[in-house]
Amino acid sequence: MKVVHTNEAPAAIGPYSQGIIVGNLFFSSGQIPLTPAGELVTGGVEEQTHQVFANVKAVLEEAGSSLEKVVKATVFIKDMNDFPRINEVYGSYFREHKPARSCVEVARLPKDVLIEVEVIATI
């Protein structure tokens, strides 16, 4: 088991890592719309979703993987009414390759953000 850490994504805000590699699989922690400096992205759900994917891409790259190797994504959103806008941004990152996905509306996310995404990918 190998811990993954990059300064190109925000540091963990609790007792966890940005991701873990086990064998040829990478498991990310949930990424929220914080900049690598730890500042919350302002704006709507589209801006927050783009930042989340910048973070996801950064930890994937540090792990030796990429969006094209994601096999499963889990998306947590604050309001299911935002789903069409989130889906549009999400689709811009997964055009040809479409991993399995779950999307769940939750009561609250860390720092009261609008979206959080975690992925499982091959290395």
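**Exercise 1.** In this predicted model, decide whether Asp82 is buried or exposed, then find its salt-bridge partner.

*Solution.*
Step 1. Asp82 has a relative accessibility of 10%. Buried means under 20%, so Asp82 counts as buried.
Step 2. The partner of Asp82 is Arg85, and the closest N and O atoms of this salt bridge are 2.3 Å apart.
Step 3. Arg85 has a relative accessible area of 37%, so this residue is partly exposed.

**Exercise 2.** State how many salt bridges there are, and work out which residues are joined into one network.

*Solution.*
Step 1. The count is 3 salt bridges. In general, side chains of opposite charge can pair when their charged atoms come close.
Step 2. Besides the bridge between Asp82 and Arg85, Arg85 forms one with Glu46, with 3.4 Å between the closest N and O atoms. This pair links distant parts of the chain, since Glu46 is in helix H1 and Arg85 in helix H2, 39 residues apart. Glu46 is partly exposed, because its relative accessibility is 29%.
Step 3. Asp112 and Arg108 also meet through their side chains in a salt bridge, at 2.6 Å from N to O. Asp112 is partly exposed at 41%, whereas Arg108, at 63%, is exposed.
Step 4. Shared partners join Glu46, Asp82 and Arg85 into one network.

**Exercise 3.** Determine which residues of helix H2 are buried and what they pack against.

*Solution.*
Step 1. Helix H2 covers residues 83-93, and its buried residues are Ile86, Val89 and Tyr90.
Step 2. These residues are on the same side of H2, because they cover an arc of only 100° around the axis. An α-helix has 3.6 residues a turn, so residues three or four places apart point the same way.
Step 3. Pro84 and Glu88 are exposed on the other side of H2.
Step 4. The buried residues of H2 pack against H1 and against strands E4 (70-77), E5 (100-105) and E6 (115-122).

**Exercise 4.** Locate Ile32 in the chain and list its contacts beyond four places in sequence.

*Solution.*
Step 1. Ile32 is in the loop that runs between strand E3 (25-28) and helix H1 (45-63).
Step 2. The relative accessibility of Ile32 is 7%, so Ile32 counts as buried.
Step 3. Outside its neighbours within four places in sequence, Ile32 contacts Ile13, Val52, Asn55, Pro110, Lys111, Val113, Ile115 and Glu116.
Step 4. From Ile32 to Glu46 the C-alpha to C-alpha separation is 13 Å, with their positions 14 residues apart in sequence.

Conventions
Residues are numbered from 1 along each chain as its sequence is written. This is a predicted model: local features need pLDDT of at least 70, side-chain atom pairs count only at pLDDT 80 or more; totals for chains, interfaces and linings use all residues. Side-chain values use heavy atoms; hydrogens and water are left out. Helices (H or I, at least four residues) and strands (E, at least two) are DSSP runs, numbered from the N terminus. Buried means under 20% relative accessible area, exposed over 50%, partly exposed in between (1.4 Å probe, protein chains only). Contact means heavy atoms within 4.5 Å. The arc is that of the directions from the helix axis to the C-beta atoms. A salt bridge is a side-chain nitrogen of Lys or Arg within 4 Å of a carboxyl oxygen of Asp or Glu.
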